[in-house]
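This report introduces a structure to a reader who has not met it before. It begins with one chain as a whole and then turns to the empty spaces.

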2 protein chains.
Amino acid sequence: MKKMILASTSTIHGEEFLEYLFQEIKNLFFGCKNILFIPFARPSGLSHLSYTKKIQDQFKKVNLSVVDYSNDNDFLQKLNKCDGIFIGGGNTFLLLHQLNKLKLIEKIKEKILSGTPYLGTSAGTNICGISIGTTNDMPIVDIESRLSLQILPFNINPHFYEKNYDSKHMGESRETRIQEFLIYNKQPVVGLKEGSFLKINQENIILEGKENAIIFERNQKPYVINSGFNLKKLN
Amino acid sequence: MKKMILASTSTIHGEEFLEYLFQEIKNLFFGCKNILFIPFARPSGLSHLSYTKKIQDQFKKVNLSVVDYSNDNDFLQKLNKCDGIFIGGGNTFLLLHQLNKLKLIEKIKEKILSGTPYLGTSAGTNICGISIGTTNDMPIVDIESRLSLQILPFNINPHFYEKNYDSKHMGESRETRIQEFLIYNKQPVVGLKEGSFLKINQENIILEGKENAIIFERNQKPYVINSGFNLKKLN
């Protein structure tokens with residue numbers, strides 16, 4: 001019953017916020033009257049209220065309305081009533097911490113599995129994997145466990161990019177970091193580049209958008225998949 | 001009594017492993033006969049044995065010998081006997097996890113505070129701060145707490161680099177990530193660039209090396225410090 005769009009990023013270079021996803025958003029949330037935005041990842045420390053307003057402004061452009069933000073404590077109630085969910089980007093540790101603190105994980109999962117349309121960008125995509133162990137974010141708050149929504153049978157690394165061999169920077173590449181992850185964790189990792197997204201319909205998990213993606217599996221050479229590839233068997 | 005070198009990176013572009021630090025390593029460990037290398041951060045998944053051998057090879061070039069690796073469980077004993085400590089780079093979560101698991105934190109701290117010379121690179125530098133909350137690494141294992149050695153009165157972000165305004169990548173810059181950290185954490189953060197290191201002698205914490213560093217403090221504009229600056233009052 002799942003119906004989801006999981007994007008690497010909310011914004012691609014040179015475009016406005018969410019612009020490249022407008023058509024997908026219209027299709028995903030077609031007919032929805034009560035879309036709940038979950039602002040807990042707070043990019044650049046944006047307040048929950050401001051972040052929600054920013055989303056409301058963009059969604060208006062595709063004639064969709066997003067539920068007003070009032071306070072953190074009514075999210076369980078709002079989740080019960082909503083007919084669409086969007087979790088936006090920011091810090092993934094903070095997002096997971098807050099979802100656990102407000103005991104929203106199980107309800108979000110239940111709604112997604114019963115067919116409530118879900119949009120995730122960046123951190124909101126990351127938490128649909130098995131764990132947040134492949135986030136790029138700093139651990140700005142403590143979390144009890146890295147386990148996340150576990151809707152996907154694998155992990156995502158959003159904003160993925162390939163190693164730049166011209167760079168003089170000696171910090172680990174994304175690929176090196178993901179390979180280190182695979183020593184201690186069994187699930188595959190999808191390196192999802194900016195401009196690409198996963199479109200999930202029932203059991204199908206199709207790569208869409210303008211970029212390819214890189215699949216990392218334990219004890220295997222990473223491989224490239226192209227737009228249109230179905231990831232449903234990856235686990 | 002502290003005597004430490006805390007470097008952003010083990011290696012700078014175009015040079016061999018540790019090369020730019022050879023003179024500092026010679027001075028720091030002058031007279032040491034029993035230097036213990038702690039290999040738990042495992043860069044690229046390197047085994048504890050291989051990582052230790054790599055360090056032994058480089059230290060030989062400056063006539064210093066590093067204790068052989070035998071197994072993980074004799075580190076407390078080896079710590080008691082050693083007269084120098086080096087913790088190398090790799091994954092900071094893994095390093096902290098292992099130090100806690102083997103109950104080495106207090107002993108390392110005690111040795112450093114009583115004057116045992118200490119070298120840290122990358123993850124080995126990061127864990128000398130208050131927490132590992134400003135690491136660039138992925139959370140490849142669970143940790144109980146982000147608190148680390150707390151030798152420094154601030155946090156470090158190793159391999160720091162400034163935002164590249166020509167880049168089309170939309171992921172958060174280091175600066176944005178650190179500013180997000182400061183919303184939830186009080187300690188300042190030192191953005192330590194590759195090629196620079198902190199030289200600690202008693203209470204003095206001097207920035208040295210070829211780059212400046214950026215200081216991030218809560219509710220303040222970040223500012224630049226140059227080589228020679230003493231960070232002892234930063235907290």
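In chain A, buried residues make up 60% of the 235 residues. The model is a predicted one. Chain A contains seven helices and 10 strands. Its C-alpha atoms fill a box of roughly 45 × 35 × 35 Å along the principal axes. For 235 residues, a compact globule would have a radius of gyration near 18 Å, and the 17 Å of chain A agrees with this. Of the contacts in chain A with a separation of 6 or more, 69% are between residues 24 or more positions apart. Chain A exposes about 9900 Å², of which carbon and sulfur atoms supply 47%.

**Helix α7 of chain A**

One helix of chain A may be taken as an example of burial. The buried residues in α7(A) are A:R174, A:R177, A:I178, A:E180, A:F181 and A:L182. The cover over these buried residues includes β5 (155-160), β6 (189-193) and β9 (213-216) of chain A. The helix α7(A) also supplies three residues to the lining of the largest pocket, and this is the largest share.

**Pockets**

The largest pocket has a volume of about 1500 Å³. It is lined by 47 residues, and those closest to its centre are A:Y161, A:H169, A:G171, A:E172 and B:Y161. Two or more lining residues come from each of α7 (174-184) of chain A, α2 (48-60) of chain B and α7 (174-184) of chain B.

The second largest pocket has a volume of about 420 Å³. Its lining has 21 residues, and A:S10, A:P43, A:S44, B:M170 and B:E172 lie nearest its centre.

**Cavities**

A search of the whole structure finds four cavities of 30 Å³ or more. The largest cavity holds about 110 Å³ of space. Among its 15 lining residues, A:F93, A:I143, A:R146, B:F93 and B:I143 lie nearest the centre.

The second largest cavity has a volume of about 60 Å³. The residues that line this cavity include A:G90, A:T92, A:S122, A:D137 and A:H159 from chain A, as well as B:E172 and B:R177 from chain B. The elements that give two or more residues to this lining are α6 (123-126) and β5 of chain A. The residue B:E172 thus appears in two settings: it lines this cavity, and it is among the residues nearest the centre of the second largest pocket.

The table sets out the linings by residue class.

| Space | Nonpolar | Polar | Charged |
|---|---|---|---|
| Largest pocket | 11 residues | 25 residues | 11 residues |
| Second largest pocket | five residues | 13 residues | three residues |
| Largest cavity | seven residues | two residues | six residues |
| Second largest cavity | two residues | seven residues | three residues |

**A loop residue of chain B**

The residue B:L46 is found in the loop between β2 (35-38) and α2 of chain B. Its relative accessible area is 27%, so B:L46 counts as partly exposed, a class that lies between under 20% for buried and over 50% for exposed. Apart from neighbours within four places in sequence, B:L46 is in contact with B:Y51 and B:K54. B:L46 and B:G90 are 44 residues apart in sequence, and their C-alpha atoms are 9.1 Å apart in space.

Definitions and conventions: Residues are numbered from 1 along each chain as its sequence is written. Chains are lettered from A and ligands numbered from 1 in the order in which they are written. This is a predicted model: local features need pLDDT of at least 70, side-chain atom pairs count only at pLDDT 80 or more; totals for chains, interfaces and linings use all residues. Side-chain values use heavy atoms; hydrogens and water are left out. On a 1 Å grid over the protein atoms alone, a cavity is a set of points where a 1.4 Å probe fits but cannot get out, and a pocket is an open set with protein on both sides within 12 Å along at least five of seven lines; lining residues have an atom within 4 Å of a point. Grid points are joined across faces, edges and corners, and a volume is the space filled by probe spheres set on the points. Helices (H or I, at least four residues) and strands (E, at least two) are DSSP runs, numbered from the N terminus. Ala, Val, Leu, Ile, Met, Phe, Trp, Tyr, Cys and Pro count as nonpolar, Asp, Glu, Lys and Arg as charged, and the others, Gly among them, as polar. The radius of gyration is taken over C-alpha atoms; the globule rule is 2.2 Å times the number of residues to the power 0.38. Buried means under 20% relative accessible area, exposed over 50%, partly exposed in between (1.4 Å probe, protein chains only). Contact means heavy atoms within 4.5 Å. Accessible areas come from the Shrake-Rupley method with a 1.4 Å probe; for residues, only the protein chains shown count as cover.
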